[in-house]
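Thanks for making time this morning. I would like to walk through one structure with you, beginning with a single loop and working outwards to the whole chain.

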Amino acid sequence: MESSSTSAQPKLPPDTKPLQHQVAGHIYGKSKTKFGLLQRCSTGEILKPLIDERGSREEQFYKDVFSEQASKNLRILRPFISTYLGTYEHDEIKYIVLENVIHPFIHPCVADIKIGRITYDSTASAEKVKLSREKCPTLAEIGFQLLGWEMYRSSNDSYECHDRVCGRSLTKEEILHAIAHFYGAPSMNYRENIKLILEHLTDMEQVMVKQNDLTFIATSLLIVYEGQPNEKSPNKVDVRLVDFAHVSKSKEGTETGQTDENFLFGLRNYIKHLQRLLDDEYVYVLIDKLK
């Protein structure tokens with residue numbers, strides 16, 4: 001299989017289309033390999049292509065977590081992970097099939113936030129480590145980065161989107177206002193959605209403190225909320241973990257692993273940012289980069 005940027009666009013499997021509302025990651029037709037996330041037109045299920053050894057590791061992660069023999073440490077992760085629905089093959093390409101948590105929303109607002117100060121595994125070259133640190137100057141201090149986000153604007157029935165280039169360009173203080181912007185500031189009452197999100201994140205933190213089997217590198221938070229709540233679609237949110245190609249056993253060969261402090265540092269700092277937005281003294285400032 002070719003991996004250059006000039007490789008041909010792969011043919012879509014039957015009953016599929018590029019994933020709607022994807023804000024980060026490998027996008028169909030635009031990634032280096034041209035492969036990307038798809039969704040089934042009939043059911044909304046996500047198809048994620050397994051195109052290299054990273055894909056194989058991710059498949060194994062889902063199998064381990066959703067196995068009937070999964071340990072307690074793995075089973076407690078299930079509420080925060082899209083349900084694994086098996087595999088599918090087409091044109092010699094294997095896909096993992098996953099629950100689409102965005103599908104139930106009418107006007108989903110979506111954010112992808114990579115968690116952790118360290119986003120490279122132990123096999124990374126010195127050059128990759130250096131590049132990773134240079135790409136996002138705020139990462140070492142705050143422990144998370146905004147990879148992409150989109151918000152629904154009812155005023156003109158459209159979506160406003162921002163990518164990782166925008167996210168990496170933000171200063172530490174601008175990031176706080178960008179997060180508020182994602183949750184609807186200044187026009188929407190963003191605090192109600194943030195309170196609901198915080199409930200999920202607090203539960204996730206408690207689970208991640210308990211589990212010490214795995215270390216999560218370059219894993220993201222996928223956050224979704226309803227962009228135009230009404231009686232039929234009230235305020236609702238969802239929070240899941242995505243991207244597990246660099247998950248590894250926390251301490252191979254020992255009975256007890258170690259708490260994943262890298263992940264917890266980033267998660268806790270994102271929680272602190274949301275808590276700051278609930279403070280009565282917080283004043284929203286519109287960032288020029290988001291106009």
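N100 sits in the loop between β5 (93-98) and β6 (108-115), where helices (H or I, at least four residues) and strands (E, at least two) are DSSP runs, numbered from the N terminus. Before I go on, please keep in mind that this is a predicted model, in which local features need pLDDT of at least 70 and side-chain atom pairs count only at pLDDT 80 or more, whereas totals for chains, interfaces and linings use all residues. Residues are numbered from 1 along each chain as its sequence is written, and side-chain values use heavy atoms, with hydrogens and water left out.

Is N100 buried or exposed? With a relative accessible area of 10%, N100 is buried, and here buried means under 20% relative accessible area, exposed means over 50%, and partly exposed is in between, for a 1.4 Å probe and protein chains only. If residues up to four places away in sequence are not counted, N100 touches L19, Q39, G44, E45 and I46, a contact being heavy atoms within 4.5 Å.

From N100 we can step to S82, which is 18 residues away along the chain, with 7.0 Å between the two C-alpha atoms. S82 belongs to the loop between α2 (72-75) and β4 (84-90), and it is buried as well, at a relative accessible area of 6%. Setting aside its neighbours within four places in sequence, the contacts of S82 are Y62, F66, L98, E99, V101 and R240.

A third loop residue, D52, lies between β3 (46-49) and α1 (53-66), and at 25% relative accessibility it counts as partly exposed. The C-alpha atoms of D52 and R191 are separated by 41 Å, with their positions 139 residues apart along the chain.

Let me turn to the helices. In helix α6 (residues 172-182), which is mostly covered, nine of the eleven residues are buried, and these are E174, I175, L176, H177, A178, I179, A180, H181 and F182. After α6 comes G184, whose phi is positive, near 115°, and then a cis peptide bond joins A185 and P186, with omega at about 0°. P186 itself lies in the loop between α6 and α7 (190-210).

Helix α8 (residues 261-278) allows a check on geometry: at 1.5 Å a residue its 18 residues should span 26 Å, and its end C-alpha atoms are 26 Å apart, which agrees. The expected span is 1.5 Å times one less than the number of residues in the helix. Its buried residues are N262, F263, L264, G266, L267, N269, Y270, I271, H273, L274 and L277. As general background for reading such a list, an α-helix has 3.6 residues a turn, so residues three or four places apart point the same way. Within α8, N269 is buried at a relative accessible area of 13%, and, leaving aside its neighbours within four places in sequence, N269 is in contact with E141, I142, G143 and F144.

Which residues other than glycine have a positive phi? D157 is one of them, with phi of about 50°, and A218 is another, with phi near 60°. D157 is in the loop between β7 (144-153) and β8 (158-163) and is exposed, with a relative accessible area of 54%, whereas A218, in the loop between β9 (214-215) and β10 (220-226), is buried at 12%.

Finally, the whole chain. Its secondary structure comes to eight helices and twelve strands. The radius of gyration is 19 Å, close to the 19 Å that the globule rule gives for 291 residues, so the chain is as compact as a globular protein of that length; the radius is taken over C-alpha atoms, and the rule is 2.2 Å times the number of residues to the power 0.38. Along its principal axes the C-alpha trace spans about 50 × 45 × 40 Å. Buried residues make up 52% of the 291 residues, and, of the contacts with a separation of 6 or more, 70% come from residues 24 or more positions apart.
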